[in-house]
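Me: Could you walk me through this structure, one feature at a time? I would like to learn how to read each one.

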Amino acid sequence: MGHPRRTSALRKVARREASRKLGHSGLIPYNQFMHSIGILLSGRGSNFVAIADNIAAGRIPEAQIAVVISNRADAPGIAIARERGLHAVVIASKGRSREEHDREVVAALKQHGVDLICLAGYMRLLSPWFVQQFPGRILNIHPSLLPAFPGLEAQQQAFAHGVKVSGCTVHFVDEELDHGAIIVQKAVPVLDGDSEHTLAERILDQEHVAYTEAINVVIRGDYHVVGRRLVRREV
Ligand code: GRF
């Protein structure tokens with residue numbers, strides 16, 4: 001274990017560095033800096049709820065949810081956001097071009113001062129333009145151990161393939177589907193008695209843990225990315 005005073009000083013430096021990387025002035029003292037998370041979802045929103053609960057419980061210090069945006073008015077997740085008194089915005093995607101929709105979503109995120117975006121069951125591909133608006137600041141969760149089983153119904157794909165271990169991945173979003181650098185993965189064994197449903201449920205439990213862990217890694221900024229590898233620095 002390092003010297004306590006030195007360790008704390010290093011943490012401060014790491015946090016300032018994180019703020020700088022996230023595009024904020026180094027003049028903002030790290031302890032007055034609140035990260036503003038924007039959640040994008042299309043469905044039930046259990047990952048959003050887990051993130052919100054973990055923020056409320058102090059497990060994601062220095063972060064708040066600035067806005068929850070759904071492309072579907074009937075998404076249960078957006079109703080939960082409203083019930084919780086969060087800014088909840090529906091930006092319907094149906095019948096609109098990707099570019100037009102993305103521009104409206106990005107405008108709403110910027111209007112709410114978002115500096116970290118968490119895709120939580122957002123069933124839309126982001127355009128390259130969208131990704132470029134928030135470099136290294138968009139996270140996604142996927143219910144498999146990437147690069148295995150990208151795309152839709154990953155749990156079913158894994159189950160049907162007969163793998164003995166599956167899990168979930170939180171990764172940075174880049175221009176390709178389910179592709180950016182991996183931040184956190186959790187393995188989940190596939191049991192002989194599993195169905196697609198029971199496997200998906202156990203993976204979901206781990207998703208709720210993994211997302212918070214990944215958000216904390218990104219907020220602390222105590223990592224660097226070498227090629228595709230996110231390597232945590234010792235602080
Ligand atoms: C999760 O399985 C997530 O990994 C995937 O979409 C699902 C969303 O679930 N991207 P929820 O809406 O967060 O409950």
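Reply: Gladly! Let us begin where a helix ends: glycine 221, just after H7, has a positive phi of about 70 degrees. Keep in mind that this is a predicted model.

Me: How far apart should the ends of helix H7 be, and what does the model give?

Reply: The general idea first: an α-helix has 3.6 residues a turn, so residues three or four places apart point the same way. Now the case here. Helix H7 covers residues 196-220, which is 25 residues, and at 1.5 Å a residue it should span 36 Å. Its end C-alpha atoms are 36 Å apart, so the expected span and the model agree.

Me: Which backbone angles should I look at in the loop between S5 and H6?

Reply: Again, a general point: most residues other than glycine have a negative phi, and most peptide bonds are trans. In this loop, look at proline 147 and glutamate 153. The peptide bond that joins leucine 146 to proline 147 is cis, with omega at about 15 degrees. Glutamate 153 is not a glycine, yet its phi is positive, about 50 degrees.

Me: Let us turn to the ligand. Where does the ligand sit, and which residues surround it?

Reply: A useful habit is to find the site, then list the neighbours. The ligand sits in the largest pocket. Around it are Arg44, Gly45, Ser46, Asn47, Gly121, Ile141, His142, Pro143, Gln155 and Glu207. By class, this shell holds 2 nonpolar, 6 polar and 2 charged residues. Helix H2 (46-56) and strand S5 (138-142) each contribute at least two residues to the shell.

Me: Which N or O atoms of the protein should I check against the ligand, backbone or side chain?

Reply: Check both kinds. On the backbone side, a polar atom of glycine 45 is 2.8 Å from a ligand oxygen, and an N or O atom of isoleucine 141 lies 2.9 Å from a ligand nitrogen. From a side chain, an N or O atom of glutamate 207 is 2.7 Å from an oxygen atom of the ligand.

Me: How much of the ligand's accessible area does the protein cover?

Reply: On its own, the ligand has 360 Å² of accessible area, and the protein covers 86% of that.

Conventions
Residues are numbered from 1 along each chain as its sequence is written. This is a predicted model: local features need pLDDT of at least 70, side-chain atom pairs count only at pLDDT 80 or more; totals for chains, interfaces and linings use all residues. Side-chain values use heavy atoms; hydrogens and water are left out. A residue is near a molecule or strand if one of its heavy atoms lies within 4 Å of it. A polar contact is a pair of N or O atoms within 3.5 Å; within protein, one must be able to donate a hydrogen and the other to accept it, and residues adjacent in sequence count only if both atoms are side-chain atoms. Accessible areas come from the Shrake-Rupley method with a 1.4 Å probe; for residues, only the protein chains shown count as cover. On a 1 Å grid over the protein atoms alone, a cavity is a set of points where a 1.4 Å probe fits but cannot get out, and a pocket is an open set with protein on both sides within 12 Å along at least five of seven lines; lining residues have an atom within 4 Å of a point. A molecule sits in a cavity or pocket if more than half of its atoms lie within 2 Å of its grid points. Helices (H or I, at least four residues) and strands (E, at least two) are DSSP runs, numbered from the N terminus. Ala, Val, Leu, Ile, Met, Phe, Trp, Tyr, Cys and Pro count as nonpolar, Asp, Glu, Lys and Arg as charged, and the others, Gly among them, as polar. The expected span of a helix is 1.5 Å times one less than its number of residues.
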